[in-house]
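This briefing is meant for a reader who is meeting the structure for the first time. Please keep the sequence and the model in view while going through the points below.

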Amino acid sequence: MKYRQLGNTGLEVSELSFGTWAIGGAWGATNDNEALRGLEAAMDSGVNFFDTADVYGDGHSEELIGKATKGKEDKIHVASKFARGGDINDPNTYSRKSVTDYLDATLRRLGRERLDLYQIHCPPIDILKDGSVFQVLDDLQAQGKIRHYGVSVETVEEGMECLHYPNVKALQVIYNIFRQKPAERLFPQAKKQGVGILTRVPLASGLLTGKYTKETTFAEDDHRNFNRDGDAFNVGETFAGLPFQKGVELSTSLQWIKEERGTMAQAALRWILDNEDVTCVIPGFRNEKQVSDSLEAVSVPSFSRDEQEKLTKFYLEDVEPNIRGGY
């Protein structure tokens, strides 16, 4: 495992880390024992960073991480997020009392006294422009409850707005072969300012595994069913904003990326890791096998310049016109 510095925080995190939305819920059936084995396998392979949120399974994801990392709090870094447990458009959600309550509940579930990275969970841009929430986070940092803070954003515009605040140390963004826009302007500016980049939805909700067909169906409680058109939250969080049928069609034309790179999923993760502006990629998982499969991405060959140019052309001409929602 290789490690990259999270912006200018001094934290060294594994370049392939893991997100824990899937083990909390909203991805179909979950199994705690399998999730815990997956967390243990990741740590045994050198993963030292996990991303979660208080709304993943109503806190269950945090509880699982707390159980898996007990006694390893100094070695395993954890990032969590807040705001989605309330009305994200209500300024009171970002008040000192609300944020403190959210954080205390997260720390309790994790079994920790301090959180390594606390992120605002995809707030509207008006909240970011107001900026009051950043003073609240500054105060919580001064109290020693959080080491650093950042923002999970949906759009490049939101990310650029966050960079106006000097203590924002990390941005979490949707970035994958189907979602290349953040690399154009946001990533270079973040790097210039010493802000780390965490990339989520790296496999476009599974489209970039190449395993789906147009006939694939998902469970009723799986966001790939109930949010495929953005009915529950931002459409970009599901299939990177692509209509499912079109996404399957586009993924079929990308089968070539897996040549000499194991699986299509490993190749898709490798493509993200090839971007030096990225701190780490955080694929999801539900079991030990998915963890092991993802970890292979750190060892497969990088993309050549010609291959990267081919994928950029593919994105601009074939993918971008089909993306829905702001990004």
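By class, how many nonpolar, polar and charged residues does the lining of the second largest pocket have? The lining of that pocket has five nonpolar, four polar and two charged residues. The model is predicted, and the points that follow take up its pocket and cavity, then a covered helix, a pair of helices in contact, and two residues with positive phi.

**The second largest pocket**

- The second largest pocket has a volume of about 190 Å³, and the residues that line this pocket are Y175, Q180, A183, E184, W271, D274, N275, Q308, T312, Y315 and L316.
- Helix 13 supplies four residues, which is the largest share of the lining of the second largest pocket, and helix 13 itself runs over residues 305-319.
- One of the lining residues of this pocket, W271, is also listed among the buried residues of helix 11.

**The cavity**

- The structure holds one cavity of 30 Å³ or more, and the volume of the largest cavity is about 50 Å³.
- Around the largest cavity, the lining is made up of V153, E154, T155, V156, V173, I174, R179, P182 and Y327.
- Sorted by class, the lining of the largest cavity divides into six nonpolar residues, one polar residue and two charged residues.

**Helix 11 and its surroundings**

- Helix 11, which spans residues 264-273, is mostly covered, with 10 of its 10 residues buried.
- The buried residues of helix 11 are M264, A265, Q266, A267, A268, L269, R270, W271, I272 and L273.
- Among the elements that cover these buried residues are strand 1 (3-5), strand 9 (196-200) and strand 10 (280-281), together with helix 10 (244-252), helix 12 (288-295) and helix 13 (305-319).
- R270 has its place in helix 11, and because its relative accessibility is 8%, under the 20% that marks a buried residue, R270 counts as buried.
- When residues up to four places away in sequence are not counted, R270 touches A297, V298, V300, P301, S302 and F303.

**Helix 3 against helix 4**

- The axes of helix 3 (residues 60-68) and helix 4 (residues 96-110) come within 7 Å of each other and cross at roughly 45°.
- An angle that is neither under 35 degrees, nor over 145, nor from 65 to 115 counts as oblique, and helix 3 and helix 4 are therefore oblique to each other.
- On the side of helix 3 the contact is made by E62, E63, I65 and G66, while on the side of helix 4 T106, R109 and L110 take part.
- By class, this contact of helix 3 with helix 4 has two nonpolar, two polar and three charged residues.

**Two residues with positive phi**

- D58, a residue other than glycine, has a positive phi near 55°, and D58 is placed in the loop between strand 4 (49-51) and helix 3.
- Is D58 buried or exposed? D58 counts as exposed because its relative accessibility is 71%, and the cut-off for an exposed residue is over 50%.
- S205 is likewise a residue other than glycine with a positive phi, in this case near 60°, and S205 is found in the loop between strand 9 and helix 9 (223-226).
- At 4% relative accessibility S205 is under the 20% cut-off, so S205 counts as buried.

Definitions and conventions:
Residues numbered from 1 in each chain as written. Predicted model: local features only at pLDDT ≥ 70, side-chain atom pairs only at ≥ 80, totals over all residues. Heavy atoms only, no water. Axes fitted to C-alpha atoms, helices over the stretch in contact; angles between N-to-C directions. Contact = heavy atoms within 4.5 Å. Nonpolar A, V, L, I, M, F, W, Y, C, P; charged D, E, K, R; others polar. 1 Å grid on protein atoms, 1.4 Å probe; cavity = no way out; pocket = protein on both sides within 12 Å on 5 of 7 lines; lining within 4 Å. Points joined across faces, edges and corners; volume = space filled by probe spheres on them. Buried < 20%, exposed > 50% of the residue type's maximum accessible area, 1.4 Å probe, protein only.
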